[in-house]
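User: I would like to learn how to read a fold feature by feature. Can you take me through one case?

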Amino acid sequence: MINTSTLKHSVKAYNLSASSENKIHDDSVAKKFGFKGGLVPGVEIYAYMIYPMVQHFGEEWLNNGYAECRLLKPVYDGAKTDIIGDPLDNSLSLVVESLGERCATGIAKLAVSSSERKRIDFQEVELPEFEKRPQASKTSLPIGKTLGTFKQIMSREDQSQYLQDVREPSKIFKKEGIIHPGWILRLANRALSMNVLLGPWIHVGSEIQNITAAHVGQTIAAHALVTNLYERKGHSFVEIDVSVIGEENSLLTQIKHTAIYKPRQVKEAA
C-alpha cells in the first residue's frame, strides 16, 4: 500500500570513502578546493533517500521503480542530514537537507506497467590494467565509447556492513537478501573509475530505473557507454549510460550517470 503521509528520515552522515582513490572525499584535499571537509559520496546521499521510497511504495519499487537524484551541495561526515519525502499524485518528491542547506533533490515513482525479467545480448569488454588506466580526458572518454565491464559480488558480510554504513533502517534488505540500491549505484561510479584515472571528481546526478532486484551472492556486472561530454562553469562533465547485469545476462538496473570528471577547482590548482 502506498503511504500518503509526508515522510522524514534523519541520519548522521558517514563518509565511507574517506580513504578512497577519489581525494574529493579526503578532508585535507577537499579543504584545498574550498569545501569544509571531505564530501560524503553522492551515491550514499542517494542511499539515504531509499528508505522513504520503500516506505512510500513498498517492495515493488525495488523491482519496478524509477528515481532521479540531483546533488546540489556537499554533505559532510557526521552532519545531521534530513531526507523529506512529499507524496505527489503518482510520485514522491524528495529533498535532502544538511547544515541548513538543500543538498540534494529527487523524485521517485513506479513504472507505468510492471517490468518483466529481461535478458540482453551482453558482450563483456575487458577493463584496462588498473595501473595503466589512461587519464580521464576527451580522448579517453569519447562519446560512443563502450567502457570496460566492471564485475563484483556482494557477500552477506559486505551487505551487512553497507547497510550499517548508510544507516538503513529497513529490514527488507537483510530479510530478502536484496542488494541495497545505493550499492548498485556505486557500480556506476566504478564503471567510470576502473576505466580511466581520475583526480578528485564529483558525482552530480543519476537517473535510475529498477527492473529486477539484485541479490546477495550474485555476480553483478556494470557495462557502460559514454553518451555525452561537455563543459559548464569551468567544469568538465561526462555522462554514461550504465546497464547493471546479473547472472544469465538478466538486466537488473539501467542508470544514466553524470559526473564532473575534472572540477574547475582542480584545473585552477594545476
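The dialogue below goes from the whole chain to the sheet, then to single residues.

User: What kind of model is this?

Analyst: It is a predicted model. Every value here is computed from that model.

User: Start with the overall build. How many helices and strands does the protein have?

Analyst: Begin with the inventory. The secondary structure comes to 7 helices and 10 strands.

User: How do I judge the overall shape from the radius of gyration?

Analyst: Set the value against what a compact globule of that length would give. For 270 residues, that is near 18 Å. The protein has 18 Å, so the two agree. For the extents, look along the principal axes. There the C-alpha trace spans about 55 × 45 × 35 Å.

User: What share of the residues is buried?

Analyst: Buried residues account for 53% of the 270. Then turn to the surface. The accessible surface is about 12,800 Å², and 47% of it belongs to carbon and sulfur atoms.

User: And how do I read contacts along the sequence?

Analyst: Look at sequence separation. Take the contacts between residues at least 6 apart in sequence. In this protein, 71% of them join residues at least 24 apart.

User: Now the strands. How many bridges pair β3 with β4, and in which sense?

Analyst: Read the sense of a pair, then its register. Strand β3 (residues 80-87) pairs with β4 in the antiparallel sense, over 7 bridges. One register point puts Thr 81 opposite Ser 98 in β4. The connection is a hairpin of 3 residues.

User: What lies on the other side of the β4 listing, towards β5?

Analyst: β4 and β5 also run antiparallel, joined by 8 bridges. Leu 94 has Gly 106 in β5 as its bridge partner. This hairpin has 2 residues between the strands. Check the backbone there: Leu 99 takes a positive phi near 50°.

User: Is β4 enclosed or open to solvent, and why?

Analyst: Count buried residues along the strand. In β4 (residues 91-98), 6 of the 8 are buried, so the strand is largely enclosed by the rest of the structure.

User: Which strands does β2 pair with?

Analyst: β2 pairs with β5 in the antiparallel sense over 7 bridges. Gly 65 has Leu 110 as its bridge partner in β5. β2 is also joined to strand β7 (residues 202-210) by 5 bridges, again antiparallel. There Cys 69 is matched with Ser 206. Burial follows the β4 reading: 5 of the 7 residues of β2 (residues 65-71) are buried, so it is largely enclosed too.

User: What should I keep in mind about side chains in a strand?

Analyst: In a regular strand, side chains alternate between the two faces of the sheet.

User: Take one strand residue. Where is His 257, and is it buried or exposed?

Analyst: Place the residue, then check its burial, then list its partners. His 257 is in strand β10 (residues 251-262). Its relative accessible area is 2%, under the 20% cut-off, so His 257 is buried.

User: Which side chain makes a polar contact with His 257?

Analyst: Asn 189, at 2.8 Å. Beyond neighbours within four places in sequence, His 257 is in contact with several residues, including Leu 185, His 203, Ser 206 and Glu 239. Ser 206 is the residue just seen as the partner of Cys 69.

User: Finally, salt bridges. How many does the whole structure have?

Analyst: A search finds 8. For each, read the distance, the location and the exposure. Arg 133 and Glu 21 meet at 2.7 Å, N to O. The pair links distant parts of the chain, 112 residues apart. Arg 133 is in the loop between β5 and β6, and Glu 21 in the loop between β1 and α1. Arg 133 is buried at 8% relative accessible area, whereas Glu 21 is partly exposed at 39%.

User: Where do Arg 264 and Glu 268 lie?

Analyst: Both lie in helix α7 (residues 264-269), 4 residues apart, about one turn of the helix. Their side chains meet in a salt bridge at 3.9 Å, N to O. Arg 264 is partly exposed at 31%, and Glu 268 is exposed at 59%.

User: How far apart are the closest N and O atoms of Glu 129 and Lys 132?

Analyst: They are 3.8 Å apart, in a salt bridge. Both Glu 129 and Lys 132 are exposed.

Terms used: Residues are numbered from 1 along each chain as its sequence is written. This is a predicted model: local features need pLDDT of at least 70, side-chain atom pairs count only at pLDDT 80 or more; totals for chains, interfaces and linings use all residues. Side-chain values use heavy atoms; hydrogens and water are left out. Buried means under 20% relative accessible area, exposed over 50%, partly exposed in between (1.4 Å probe, protein chains only). A polar contact is a pair of N or O atoms within 3.5 Å; within protein, one must be able to donate a hydrogen and the other to accept it, and residues adjacent in sequence count only if both atoms are side-chain atoms. Contact means heavy atoms within 4.5 Å. A salt bridge is a side-chain nitrogen of Lys or Arg within 4 Å of a carboxyl oxygen of Asp or Glu. Two strands pair if DSSP finds at least two bridges between them. The radius of gyration is taken over C-alpha atoms; the globule rule is 2.2 Å times the number of residues to the power 0.38. Accessible areas come from the Shrake-Rupley method with a 1.4 Å probe; for residues, only the protein chains shown count as cover.
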